[in-house]
Each structure stands twice: as C-alpha cells, then as structure tokens.
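User: Please take a close look at one part of this model, working outward from a single strand residue to the packing around that strand. I would like the cut-offs spelled out as you go.

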Amino acid sequence: TVLPGTVRPRRISWNWGPAAGATSYRVFGSTDATLWAAPNDTGTVLADLAPSTTYSIRIAGFAQHTTGTLSWSGPAHTLAYAPYGLAVDRLDVSSAALSWNNDNPAGTLAEVRRSTDGTSYAVRAGTLAATYYDTGLVGCTSYYYRVRYRNPVGIDTDFDGPLFVRTPASTPSAPRDLSAQKLIFLTDVPGVLADRDDPASL
C-alpha cells in the first residue's frame, strides 16, 4: 500500500511497505513511464510540484537490474498557496472592485468574505479569478474583506486581509423648482412701502 504523508504546496511525502527481495525502489508518475525518484528506503519526497494539484504515483521494487510489479497509490493533493496583496482598485457609494495576487494554477477556487464589524464575516463569492466586484454597498459605511484559496479536496489556505474600506457619501441631488421673488423694501418714511427693484436707490 502506497500512502501520502506530509503535504505542502509544492511537496508530497510518500510511504509504502517493503517489497520482498527489493534492494531499492523506483517511483513513476501515474500516467506515464517517467521515473520520478529511485529511493533506497520505503519512502520518498516529491518536490517542485504544482500547488493545488492532484497527484498519484506508482512504486516498484528493484533488485539486480530488474523492476518488480508496480503498486499504485491513491491520489494526493498539494495545498494551495494563500493569496496576498489584497487591495481595492475602485470604490464608490454602492460597490467595490477588489484584486489580489495568485500563485496557484488556473481553476483554483478563491473564497471572498465580507464584514461590517471586522469580526463576523459572511461568504460573498467563490471565484476562479483574482478579482471580485462587490455590489449592494451602502454609502458612509465601513466594510472589511478577506480572501483565501481552496485546493481540490477543500483544504483552505490562510486568509489574506482584512482589508478595510469605507464607502463615500452619496452625492446630493441638484435643487429643483428654483424661482426668484420680487423684494419689497421700506422707505425712510414710516408707514410707507416702496416697491423697488434696486434697494441701493432707497
């Protein structure tokens, strides 16, 4: 039986039981005859793998220039890399455009979460892009965002964030029905009213 051990974004360790008569072992890819490793012991570490990717291997005992019967492993999945550089690219009263950096292969799922208090977060979206456009925001309101990645079997990375943003106030609408009224000014004579357009002439 071939079993995966420690898993990292670019590394997987594998272990297996000894094969009778084997002096060393040969490790092959699961889909071709490429030799990946030739360990002397019942274990090996495969490095320089792609993150957030599924792998399986084939193991055979080796002795006196002869390769034994292959044993197949079950699948193992490298971890995803965490996102970094979460930023807001555009912010207005009701929306925010976010972006971040991604070192994972295409098809790795990102999860975006949002909060209004920096404590209780709700999932806003799952996206395959390294961007997200959030809508339905309210003006003059604080928001916090976090994002993380998930590998093929649902193991999450650490979050990048929180990113704090505050939406601007709504722009007041223009006044309507503007009109002018004629002014009436008092003269110097008590009790007499004058209807003048120019108060400076009084």
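Analyst: R114 lies in strand β13, where strands are DSSP runs of E of at least two residues and helices are runs of H or I of at least four, both numbered from the N terminus. The model is a predicted one, in which local features need pLDDT of at least 70 and side-chain atom pairs count only at pLDDT 80 or more, whereas totals for chains, interfaces and linings use all residues. Residues are numbered from 1 along each chain as its sequence is written, and side-chain values use heavy atoms, with hydrogens and water left out.

At 18% relative accessibility R114 counts as buried, because buried means under 20% relative accessible area, with exposed being over 50% and partly exposed in between, for a 1.4 Å probe and protein chains only. The side chain of R114 makes a polar contact with the side chain of D134 at 2.9 Å; such a contact is a pair of N or O atoms within 3.5 Å, of which, within protein, one must be able to donate a hydrogen and the other to accept it, and residues adjacent in sequence count only if both atoms are side-chain atoms. Leaving aside neighbours within four places in sequence, R114 is in contact (heavy atoms within 4.5 Å) with residues including D134, Y143, Y144 and Y145.

Y145 leads on to the nonpolar packing, since a nonpolar core is a set of buried Ala, Val, Leu, Ile, Met, Phe, Trp, Tyr and Cys residues joined through side-chain atoms within 4.5 Å. In the largest such core, which has 16 residues, L86, L98, W100, V112 and Y145 touch the most other members. The elements giving two or more residues to this core are β12 (95-101), β13 (109-115), β16 (142-150) and β17 (160-166), and the largest share, four residues, comes from β16. In soluble globular proteins, nonpolar side chains tend to be buried together. L98 touches L86, V112, Y145 and L163, among others, when residues up to four places away in sequence are not counted. A second, separate core of 14 residues includes V2, V27, L49 and I57.

Beyond β17, A169 lies in the loop between that strand and β18 (185-186), and A169 is partly exposed, with a relative accessible area of 44%. A169 and G139 are 30 residues apart in sequence but 4.9 Å apart in space, C-alpha to C-alpha, and A169 touches V93 and C140, not counting residues up to four places away in sequence.
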